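Q: Some descriptive terms for a protein model need to be justified. Please set each value against its definition.

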Amino acid sequence: MTERLSRPPAEAAFRDELLGVLPHLRAFARGLSGRPDFADDLVQEALIKAWTARERYAAGTNMRAWTFAILRNHYLSELRKNRRMTELDEGAAERLLVMEADQESPLHLGDMEAALQKLAPERREAVLLVGASGFSYEEAADIAGCPIGTMKSRVARARGDLTRMLDAEPDLSALPITRD
């Protein structure tokens, strides 16, 4: 007869809290990278690093901010490591939001995804942290390792860039011509 080893209560609580931030990590990773496969790898690596460093996590602090910082740092390390290999495919953006849509909503969501991927990486990260993930400017600045004023500036500029891109008239010359 084999007995199952039980986890200490603190480890089980850490595991539960870590699993609770998983959907937020996935959304952040997909928004940052624009590639579902790369985003999944980022999340997996962030979870492994968080689990390995669980003794350093102070219970009762912000697990989401802690894991976002781990994911962000790993993402930046991967970008530096792969800088000379290839550029990320901007057209491979995964849906950032999931919702029941009417006929036009997928077009608007696709426009938003494409616009997000056109932002400078620092601005995209800032707007994803503050806008999509709901972090305060202070929390987002801590995650990104920059002053709060810089974070506010990045978010404001990202929002302005997104507004300009989404309000621009579509380029109809790129549409295929069909003959009936």
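A: The axes of helix 1 and helix 4 come within 10 Å and cross at roughly 70°. The model is a predicted one, in which local features need pLDDT of at least 70 and side-chain atom pairs pLDDT 80 or more, while totals for chains, interfaces and linings use all residues. Residues are numbered from 1 along each chain as its sequence is written, and side-chain values use heavy atoms, without hydrogens and water.

Q: Why is helix 1 called roughly perpendicular to helix 4?
A: Angles under 35 degrees count as roughly parallel, over 145 as roughly antiparallel, 65 to 115 as roughly perpendicular and the rest as oblique. The axes are lines fitted to C-alpha atoms, for helices over the stretch in contact, with angles from 0 to 180 degrees between N-to-C directions. The crossing is at roughly 70°, so helix 1 is roughly perpendicular to helix 4.

Q: What is the hand of the crossing of helix 1 and helix 4, and which residues make the contact?
A: The crossing is right-handed; that term applies if the near helix is turned clockwise from the far one by less than a right angle, and left-handed if anticlockwise. Phe-14, Glu-17 and Leu-18 of helix 1 make the contact with Met-63, Trp-66 and Thr-67 of helix 4, where contact means heavy atoms within 4.5 Å. These residues divide into four nonpolar, one polar and one charged. Ala, Val, Leu, Ile, Met, Phe, Trp, Tyr, Cys and Pro count as nonpolar, Asp, Glu, Lys and Arg as charged, and the others, Gly among them, as polar.

Q: What makes helix 3 oblique to helix 4?
A: Helix 3 (residues 36–52) and helix 4 (residues 63–82) pack at an angle of about 125°, with axes 9 Å apart. That angle falls in none of the other three classes, so helix 3 is oblique to helix 4. Helix 3 passes helix 4 in a right-handed crossing. Among the residues in this contact are Phe-38, Leu-42 and Lys-49 of helix 3 and Trp-66, Ile-70 and Tyr-75 of helix 4. By class, the contact has nine nonpolar, two polar and three charged residues.

Q: Why is Val-21 called buried?
A: Buried means under 20% relative accessible area, exposed over 50%, and partly exposed in between (1.4 Å probe, protein chains only). Val-21 has 7%, and therefore counts as buried. Val-21 lies in the loop between helix 1 (9–20) and helix 2 (22–33). Neighbours within four places in sequence aside, Val-21 is in contact with Met-63, Arg-64 and Thr-67. Its C-alpha is 9.2 Å from that of Phe-68, 47 residues apart in sequence.

Q: How do you know that Ser-133 counts as buried?
A: Its relative accessibility is 11%, so Ser-133 meets the cut-off for buried. Ser-133 is found in the loop between helix 6 and helix 7 (137–144). Leaving aside neighbours within four places in sequence, Ser-133 is in contact with Phe-28, Arg-64, Phe-68 and Leu-128. The buried residues of helix 6 (residues 121–132) include Arg-124, Glu-125 and Leu-128.

Q: How many helices and strands does the chain have?
A: The chain has eight helices and zero strands. Helices (H or I, at least four residues) and strands (E, at least two) are DSSP runs, numbered from the N terminus. Of the 180 residues of the chain, 32% count as buried.
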